[in-house]
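Biologist: I should like to understand how the terms used for a structure are justified. May I put some questions to you about the one shown here?

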Amino acid sequence: QTISIAKAGITTVLNSRTSVLAAANPGRYDDLKTAQDNIDLQTTILSRFDLIFIVKDVRLYDQDKLIASHIIKVHANAGATTKDSDASDRENWLKRYIEYCRVHCKPRLSDAASTMLQNNYVRIRQQMRQQAHETGESAPIPITVRQLEAIIRISESLAKMRLSYVATEEHVTEALRLFRVATMDAARSGLTDQINLTPDMRQVETQIKRRMGIGS
């Protein structure tokens with residue numbers, strides 16, 4: 001991955017060898033707004049992330065009980081200094097395996113995987129173009145060549161995890177699935193992308209929001 005710089009009369013391309021894992025907390029997530037409105041970041045920034053996951057705090061009794069139980073166990077065992085030797089060995093083995101994959105395995109897409117990826121990218125672009133035509137609004141997260149490069153990186157990473165020197169159609173299929181359940185769902189989120197609200201409807205929506213808390 002590279003970064004283009006055009007500052008102070010200097011135009012160049014620099015290598016970017018750093019992975020960025022970022023989290024944004026917009027507070028209360030409003031399902032009536034798009035992901036861009038909730039996260040409050042420009043599309044130029046959102047488009048630079050390979051995968052975007054929206055994690056909502058849904059009020060479910062069983063789920064809340066499991067989360068609370070896990071947090072209590074973590075705090076209850078915080079003072080324990082002893083560590084299982086088998087668990088330590090497994091952790092060290094996993095670190096060595098990841099380092100070996102990173103250094104020795106440099107997979108590339110096969111011809112069949114490249115064709116499959118090309119066809120799916122064109123299909124996704126057509127779907128987003130049709131959605132923009134129906135709603136009259138552009139997608140909050142644009143699907144550009146950056147997203148194509150992201151799917152390629154994910155496919156190659158999946159192959160690298162298996163120590164495969166060739167990224168096959170199976171890896172591309174899984175990469176596309178991850179892209180759809182993450183970035184594509186985020187791009188389609190928000191009822192405003194699916195229906196056109198009239199000024200009267202927006203006024204009613206504003207009045208309802210004033211009287212009812214989001215998520216209640």
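Modeller: In this predicted model, a search of the whole structure finds zero disulfides.

Biologist: Why is the pair cysteine 101 and cysteine 105 not called a disulfide?

Modeller: A disulfide requires two cysteine sulfur atoms within 2.5 Å. The sulfur of cysteine 101 has its closest cysteine sulfur in cysteine 105, at 6.5 Å, and this is too far for a bond. Seen from cysteine 105, the closest cysteine sulfur is that of cysteine 101, again at 6.5 Å. The pair therefore does not meet the definition.

Biologist: Are these cysteines buried or exposed, and how do you know?

Modeller: Buried means under 20% relative accessible area. Cysteine 101 has 4%, so the term buried applies to it. Cysteine 105, at 1%, is therefore buried as well.

Biologist: What makes valine 20 exposed?

Modeller: The term exposed requires a relative accessible area over 50%. Valine 20 has 62%, so it is called exposed. Its place is in the loop between strand S2 (10–15) and helix H1 (35–39). The C-alpha atom of valine 20 lies 9.8 Å from that of aspartate 50, which is 30 residues apart from it along the chain.

Biologist: Where does helix H7 bend, and by how much?

Modeller: Helix H7, residues 169–188, bends by about 40 degrees at arginine 180. That value is the angle between axes fitted to the seven residues ending there and the seven starting there.

Biologist: Which residues of H7 are buried?

Modeller: Among them are His171, Val172, Ala175, Leu176, Phe179 and Ala182. In an α-helix, residues three or four places apart point the same way, because there are 3.6 residues a turn.

Methods
Residues are numbered from 1 along each chain as its sequence is written. This is a predicted model: local features need pLDDT of at least 70, side-chain atom pairs count only at pLDDT 80 or more; totals for chains, interfaces and linings use all residues. Side-chain values use heavy atoms; hydrogens and water are left out. Buried means under 20% relative accessible area, exposed over 50%, partly exposed in between (1.4 Å probe, protein chains only). Helices (H or I, at least four residues) and strands (E, at least two) are DSSP runs, numbered from the N terminus.
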